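Biologist: I am new to this structure. Please take a close look at one part of it, the salt bridges, and follow them to where they lead.

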Amino acid sequence: MQNITITDTIQYLGVDDKEIDLFESQYVVPDGVSYNSYAIMDEKVAIMDSVDERATESWFANLDKVLGERLPDYLVVSHLEPDHAGNMQKFMERYPNAQLVVNAKALSMLPQFFTLDMSARSIVVKEGDELSLGKHVLTFVMAPMVHWPEVMVTYDKTEKVLFSADAFGKFGALDVEADWACEARRYYFNIVGKYGMQVQALLKKAAALDIRIICPLHGPILKDDLSYYLGKYQVWSSYEPEDKGVLIAYASIHGNTKAAAEKLAKLLEERGAEKVVLSDLSREDMAEVIEDAYRYDRMVLASATYDAGLFPCMDSFLAHLKAKNYQKRTVGIMENGSWAPMAGKCMKESLAQMKEITVLEPTVTIKSTLNEASNAQLEALAEALV
């Protein structure tokens, strides 16, 4: 167990998973991930969420160490996703006098995950309800679709701690020193990103609370300069660009589209572009490219035509962006096609399904390799982007 100080009466119970390769079977996590769980030690003992079944043995060992001779009174359930609720049934079987603290939506979903009927041992809470542990008073705040419908967060009025469920989480085990924003951004846009309106609603509720510590279900406990983290979430959830820069995301078959993308990057740098990021959609982590698409205010899509449509990795990239509610950006288009270029038309059709996307002219059309005409278009696009 990580030796993490939260407060004198709130103890960390979580587990680092350094063996996992893909979080949610799709996101590369080279530094692993943490499954966070907490114990509030008072006249009554409340355990805040369990952990993934991958970490069952370690979590129960942590529980034994923190509880000593005491028994838990409550298991507060913020979120039923298996990486947090995987050990709920085992917990309830091990501690037969403990009660679940859940909201009505979570209660209705329990039979989808567990064979044990826990309804008779459940305290059902709603928005604004309070639970006294003695000195600690917990207030429950509903956060539907951040990022499942049953999610709630818990505010400890006594020590001014927000148990924030998946909000403010990040990839990476806690024993890894890393910049918070990079992996928190990749985590946010790929997992929560679709639900900006719901995150905004939660931020409004949080603004009314005096929060001194944020305890998320993944990633480090946040204590210092909370305005920084809240500010990032405000920008991310409103879909505003975080930084000025140009992402050039390209899908190249034989290297000619790549060469054009690299030339555009050079032209932009020569014109003083603040930041230019080149991403090969065939090879780079898709979640990383999606992160950059949201981070910067401009993007260029460069794709070869394939089977009269888009090269598959570009098609997948655009589908991901649409699913995650991509919006409020300026986009340039580069297409390649040896006999019937169609990529530009297909990319524009995909972008037309997204909100507040400004598509720049001209579209750069390459037939196999750059020539005098397409080079002129490339120069014109560079001028339009800066």
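**From the salt bridges to the cavities**

Modeller: Asp280 is buried, with a relative accessible area of 8%; buried means under 20%, exposed over 50%, and partly exposed in between (1.4 Å probe, protein chains only). This is a predicted model, in which local features need pLDDT of at least 70 and side-chain atom pairs pLDDT 80 or more, while totals for chains, interfaces and linings use all residues. Residues are numbered from 1 along each chain as its sequence is written, and side-chain values use heavy atoms, with hydrogens and water left out.

Asp280 forms a salt bridge with Arg283, at 3.0 Å from N to O; the term stands for a side-chain nitrogen of Lys or Arg within 4 Å of a carboxyl oxygen of Asp or Glu. Its partner Arg283 is exposed, at 68% relative accessibility, whereas Asp280 is buried. The whole structure holds 25 salt bridges. Some of them join into a network that links Glu183, Arg186, Asp285 and Glu288.

Another pair is Glu274 and Arg298, whose closest N and O atoms are 2.9 Å apart. Glu274 sits in the loop between α8 (256–270) and β17 (276–280), and Arg298 in strand β18 (residues 296–306), so this bridge links distant parts of the chain, 24 residues apart. Helices (H or I, at least four residues) and strands (E, at least two) are DSSP runs, numbered from the N terminus. Arg298 is buried, at 10% relative accessibility.

Lys205 and Glu127 make a further salt bridge, with 3.1 Å between N and O. Because Lys205 belongs to helix α6 (residues 196–207) and Glu127 to the loop between β10 (122–125) and β11 (130–132), the pair ties together parts that are 78 residues apart in sequence. Both ends are partly exposed: Lys205 has a relative accessible area of 31%, and Glu127 one of 40%.

Lys205 leads on to the empty space inside the model, as it is one of the residues that line the second largest cavity. In the whole structure there are 2 cavities of 30 Å³ or more. A cavity is a set of points on a 1 Å grid over the protein atoms alone where a 1.4 Å probe fits but cannot get out, and lining residues have an atom within 4 Å of a point.

The second largest cavity contains about 30 Å³ of space. Along with Lys205, its lining is made of Val141, Val153, Leu162, Leu202, Ala206 and Leu209. Helix α6 gives the largest share of this lining, 3 residues. By type the lining has 6 nonpolar residues, no polar and 1 charged; Ala, Val, Leu, Ile, Met, Phe, Trp, Tyr, Cys and Pro count as nonpolar, Asp, Glu, Lys and Arg as charged, and the others, Gly among them, as polar.

The largest cavity has a volume of about 80 Å³, a volume being the space filled by probe spheres set on the points, which are joined across faces, edges and corners. Its lining includes Val146, Ser164, Phe168, Val199, Leu230 and Tyr233. Two or more lining residues come from each of α6 and α7 (226–237), and α6 gives the largest share, 4 residues. Here the division is 11 nonpolar, 1 polar and no charged. Val153, Leu162, Leu202 and Ala206 line the largest cavity and also the second largest.

For the wider setting, the protein has 12 helices and 22 strands. Its C-alpha trace spans about 80 × 40 × 35 Å along the principal axes, and 56% of its 386 residues count as buried.

Conventions: 1 Å grid on protein atoms, 1.4 Å probe; cavity = no way out; pocket = protein on both sides within 12 Å on 5 of 7 lines; lining within 4 Å.
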